[in-house]
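Biologist: I would like to learn how to read the computed features of a model such as this one. Could we take them one at a time?

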Amino acid sequence: MSDCLFCKILDGDIPSNKVYEDDKIVAFHDVDPQAPVHVLVIPRKHIESMDDIADEDAELIAYLMLKIKDIAKLVGLNNGYRVVNNCGEDGMQTVRHLHFHIMGKRQMTWPPG
């Protein structure tokens, strides 16, 4: 998608501070961190939101979720972390490309903001 911020990052049109990448997913530091460590994990395939995941995406989503623990370790989150997905307008999704936030290195509060 030519107007998608994360697709532009994937294409290299917008720089990012990557912490992990392979042929299915990319993880990079958030430019507006909400915790001392705040990494975004995105699939290379453009999927707009949780609501747009198709049955054919099941293997990709399972892979992404399984890699989150490895990415958390890569960025030093050894004492726990939070994984967040925002979906749609009421969920405060600001980029229409499926992504998961990994946040840590501080005590998280509940409910979040």
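Modeller: Let us begin with exposure: a residue is called buried under 20% relative accessible area, exposed over 50%, and partly exposed in between, with a 1.4 Å probe and protein chains only. M65, at 39% relative accessibility, therefore counts as partly exposed, whereas L66 is exposed, with a relative accessible area of 54%. M65 is found in helix α2, residues 58-74, and L66 has its place in helix α2 too, where helices (H or I, at least four residues) and strands (E, at least two) are DSSP runs numbered from the N terminus.

Biologist: What should I keep in mind about the model itself?

Modeller: This is a predicted model, in which local features need pLDDT of at least 70 and side-chain atom pairs count only at pLDDT 80 or more, while totals for chains, interfaces and linings use all residues. Residues are numbered from 1 along each chain as its sequence is written, and side-chain values use heavy atoms, with hydrogens and water left out.

Biologist: How many disulfides does the rule give, and how do I read that count?

Modeller: A disulfide is a covalent bond between the sulfur atoms of two cysteines, and here the term is applied to a pair of cysteine sulfur atoms within 2.5 Å. The count by this rule is zero disulfides. For C4, the nearest cysteine sulfur belongs to C7 and lies 3.6 Å away, and C4 is in no disulfide. C87 is likewise in no disulfide, its nearest cysteine sulfur being that of C4, 15 Å away. As for exposure, C4 counts as buried because its relative accessibility is 6%, while C87, at 25%, counts as partly exposed.

Biologist: And which residues are linked with E21 in a network of salt bridges?

Modeller: A salt bridge is a side-chain nitrogen of Lys or Arg within 4 Å of a carboxyl oxygen of Asp or Glu, and a search of the whole structure finds six of them. K18, E21 and R44 are linked in a network: the side chains of K18 and E21 meet at 3.5 Å, N to O, and the closest N and O atoms of E21 and R44 are 2.9 Å apart. This second pair links distant parts of the chain, with E21 in strand β1 (residues 18-21) and R44 in the loop between β3 and α2, 23 residues apart. R44 counts as partly exposed, at 30% relative accessibility. Elsewhere, R96 forms a salt bridge with E48, the closest N and O atoms being 3.5 Å apart.
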